[in-house]
Amino acid sequence: MDYSLILTNDIGNTVKPDDVFIRRLYNYYNKGGFRNIMTENVITLVINYFILFFINFLTNCIEYSKLNDLSSDTNHNFGEFINISNIFPSSPYFILCFVAYTLYLFCLTINVINTIRSAWKIKNIYENQLNIPENTIEFISWNKVMDRIILTYPDPNLNPYTITSKIMREDNLKISFYRYQEFTKTRMTEFLERNFTYCFISPLFNKQSQITEETIDNYKEKVKRHLILVGVLNLFALPFAIYIVLVYSLINYGEQIYHNPELIIERQWTIKALWRLRYYNELEHQYLRRRNNIGNILKCVLDAKKKKATVSIIIRFINFVLGSFFILLIGLSFINDNILTDCIVAFNRNVLWFIGVIGAIILLLRKVINDTTPLHQEKEDKLFVALEEYVRTINPKWFQPDMRTKCIKLFSSLYQYKIVFILLEIINLVISPYYVWLWYKEIKKINLNDLIEYHQTLGYVSKKSILTNFNTISKEQHTYASLEEFKNNNEDWHSASLWYQQAQTSLADATNSGFKWSNTSSELNQTLATTVVFGDPRPS
C-alpha cells in the first residue's frame with residue numbers, strides 16, 4: 001500500500017507527468033493490474049478488521065477463569081466459556097486503544113477506497129492512452145511501458161532515467177539514509193522502519209512528493225515534532241501494540257509453522273540489508289529479481305557450510321528415537337482412539353499433544369539434514385563468482401577463497417532465520433521509545449548537504465543517486481555499481497551505455513591522479529590497504 005498517498009485519490013499531473021502520476025503508473029504495473037490491486041487492498045482491510053474483532057474476542061469474550069477450573073469428569077460445550085455480549089472492552093485503557101485502532105481502520109478504509117478508485121483511473125489510462133490492455137500487464141516489460149509513456153506524453157525531459165528517478169525519489173533517499181555513517185541504525189524491524197520513515201524521510205517531502213527549499217529549511221524541526229509524536233504514541237500504546245503483535249504473529253505464523261516447522265529455519269534479509277544491497281534507481285521488480293538470485297546462492301552456500309558430519313549423525317539419531325516414539329503412539333491410537341485424548345503421557349499432556357509436538361520436531365530436524373551433499377570447491381567457486389556479480393558493492397577481495405569464511409559470516413548476519421525476526425519485532429517494539437530518544441539526540445548529526453543535491457531536471461534528489469555526476473561516481477562505489485546495474489536494466493537506451501563509458505573514463509582519470517582501485521573493469525573496489533563492505537571501511 002502506498003502510504004505516501006494516503007487519504008487521497010489524486011493520480012498526479014496526467015498532462016505533464018509528475019512524480020505522483022509516474023509512481024501510480026509504475027505501482028499499477030508492478031502489482032499486476034487492477035484486479036490484483038483491488039484484491040490485495042481488500043484482503044488487507046479485511047485482515048485488519050478481523051484482528052480488531054479477534055483481539056476483542058480473546059480479551060473480553062472468553063471466560064478464562066471457567067476454563068481454568070474445567071473438570072474432565074463431564075463433557076463441556078465450548079460455548080459455555082464464551083460470552084459474545086462482552087465483545088467491546090470495558091477497561092478505560094482498552095477503550096482508548098479500541099477507539100484509536102478504530103480511527104486507524106477508518107483511515108485505512110478510506111485509503112483502500114481511494115487506492116481502488118485511483119487504480120481504476122490508471123487502468124483507463126493504460127488502456128485508452130498507453131494502449132496497453134489489462135490482460136497484457138503481466139506479460140509486457142516495464143521498458144516497453146516506459147516507451148509508451150515517452151511516446152504518449154510530449155515532455156522532452158521524459159526518458160528512462162528521469163522516469164526511474166521520479167519513481168525512486170523517496171527510495172533513493174532511504175538508501176542514502178541507511179548508508180549514512182553519521183547516524184545510528186539499529187537492527188531494524190518493520191515497526192521501527194515505519195517509525196524511521198515517518199520521522200526522517202516524510203518530513204523532506206511536500207504533498208506533491210517533492211523536496212523543496214521550504215521542506216529543507218524546516219526539516220530538523222519537523223523531524224523533532226515527528227519524533228516527539230511517535231515517542232508519545234509508542235509509550236501510550238506499547239502494551240496494546242505488543243498484544244496486537246503477539247496476536248498477529250500467532251495468526252500469521254502459528255498455523256504455518258505448525259504444519260511446516262521448517263519455516264522456522266527459512267532465511268530472510270534484514271531491513272538494513274534490504275536497503276543497503278539495493279542500488280540507486282533500481283526499481284522494485286528489478287531488485288526483487290536480483291535479491292532472489294542472491295538468496296538462492298546464499299541458501300546453497302550457507303546450508304552447505306552449516307552442515308557438519310558429526311552434527312548430521314547426532315540429528316539422525318535423535319530423529320530415529322523420536323520417530324520410534326511417534327510410531328508407537330500412532331500404533332497405540334489404532335488399538336483405541338480414546339487413547340489420543342484420555343491417556344496422559346507426561347507433564348499432564350495427552351497422547352495427541354505429544355504426537356503433534358514430536359511430528360513437528362521430526363519435520364524440522366529432517367529439514368536441517370536434507371541436501372547434505374558437500375559443497376565441492378569447483379561448485380563453490382562458481383557460486384561465489386555469481387554472488388560477486390550480483391553484489392558489486394562488496395569488495396571482490398571478500399569473494400576470494402582466503403576471505404570466504406568472513407564473507408559467509410557477513411552474509412549470515414544479513415540473511416537470518418525467520419524466527420529471529422519474529423522475536424526481534426517484539427523486542428524492538430518494547431524498546432522502541434529508547435530508539436526514538438536516541439534518534440532525537442542524533443538529529444544534529446544529519447547534514448542534508450551530504451544526502452541531497454539539486455538536479456536541473458529532477459529538482460532535489462538523493463545526492464548519490466545522480467548517475468550523471470561523474471565526480472561522485474568516481475568516489476562512490478555504490479553509485480558506480482548503481483550506474484552499471486541501470487545500464488544493464490536499460491540496454492536499449494543508448495545514453496545509459498554512454499554514461500557508463502564516461503564513468504569508466506572518470507575512473508581512469510582518478511586512477512592516474514593516484515586513486516587506485518584493485519579492479520577497474522566491472523567492479524569498483526577500494527585500495528588493497530582497505531576492505532570495503534557496503535561502503536564501510538574495515539581493516540584487512
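So, the nonpolar core: the largest one in this predicted model has 78 residues. If you want to click on its best-connected members, go to Tyr126, Trp142, Ile149, Phe177 and Phe200, which have the most contacts inside it. Helix 4, running over residues 92-128, gives this core its largest share, with eleven residues. There's also a second core, separate from that one, with 23 residues. Trp269, Leu302, Leu383 and Cys407 are among them.

Okay, zooming out to the whole chain. We're looking at 540 residues, and 46% of them count as buried. The secondary structure adds up to 22 helices and eight strands. How much of the contact list is between residues 24 or more positions apart? Taking the contacts with a separation of 6 or more, that group makes up 70%. As for the surface, the chain exposes about 28400 Å², and 59% of that area is supplied by carbon and sulfur atoms.

Before anyone loads this into anything, a word on confidence. Mean pLDDT for the chain is 80, with 81% of the residues at 70 or more. Helix 6, residues 160-167, has the highest confidence, at 95. At the other end of the scale is strand 8, residues 536-539, where confidence is lowest, with a mean of 32. Two stretches deserve a flag. Residues 517-540 have pLDDT below 50, and the model still gives that stretch 75 contacts beyond near neighbours in sequence. Residues 1-7 also stay under 50, and there the model has 19 contacts beyond four places in sequence. Low pLDDT means the predicted coordinates shouldn't be read in detail.

Right, on to charges. Opposite charges on side chains can pair up when the charged atoms come close. How many salt bridges does the structure hold? The count is 15, and I'll walk through three of them.

Start with glutamate 40 and lysine 31. Their side chains meet in a salt bridge at 3.4 Å, N to O. Are these two residues buried or exposed, or in between? Glutamate 40 has a relative accessible area of 33%, so that one is partly exposed. Lysine 31 is partly exposed as well, at 34%.

Now compare the setting of glutamate 282 and arginine 290. That salt bridge comes in at 2.8 Å, N to O, and both glutamate 282 and arginine 290 are buried.

The third one is the pair I'd put on the slide: glutamate 484 with arginine 392, a salt bridge at 3.5 Å, N to O. Which parts of the chain does it connect? Glutamate 484 is in helix 21, residues 477-489, while arginine 392 is in the loop between helix 16 (377-390) and helix 17 (404-414), so the pair ties together parts that are 92 residues apart in sequence. Glutamate 484 and arginine 392 are both buried, too. And they have company: Glu389, Arg392, Glu484 and Glu485 are linked in a network of salt bridges.

Next, cysteines, quickly. The structure holds zero disulfides. Here are two of the cysteines if you're curious about their surroundings. Cysteine 107 has a relative accessible area of 29%, so it's partly exposed. Cysteine 199 is at 0% relative accessibility, so that one is buried.

Then some backbone oddities for the Ramachandran fans. Most residues other than glycine have a negative phi. Asparagine 131 isn't a glycine, and yet its phi is positive, about 55°. You'll find asparagine 131 in the loop between helix 4 and helix 5 (142-152). Its relative accessibility is 52%, so asparagine 131 counts as exposed.

Serine 209 does a similar thing, with a positive phi of about 60°. Where does serine 209 lie? Look in the loop between helix 8 (190-201) and helix 9 (213-217). Serine 209 has a relative accessible area of just 7%, and that is under the 20% cut-off, so this residue counts as buried.

Last stop is threonine 472, in helix 20, residues 470-473. Threonine 472 is buried, with a relative accessible area of 10%. Which residues does threonine 472 touch, leaving out those up to four places away in sequence? Lys464 and Thr479.

That's my tour. Questions?

Note on methods. Residues are numbered from 1 along each chain as its sequence is written. Side-chain values use heavy atoms; hydrogens and water are left out. A disulfide is a pair of cysteine sulfur atoms within 2.5 Å. Buried means under 20% relative accessible area, exposed over 50%, partly exposed in between (1.4 Å probe, protein chains only). Helices (H or I, at least four residues) and strands (E, at least two) are DSSP runs, numbered from the N terminus. Contact means heavy atoms within 4.5 Å. Accessible areas come from the Shrake-Rupley method with a 1.4 Å probe; for residues, only the protein chains shown count as cover. A nonpolar core is a set of buried Ala, Val, Leu, Ile, Met, Phe, Trp, Tyr and Cys residues joined through side-chain atoms within 4.5 Å. A salt bridge is a side-chain nitrogen of Lys or Arg within 4 Å of a carboxyl oxygen of Asp or Glu. pLDDT is the predictor's confidence in each residue, from 0 to 100.
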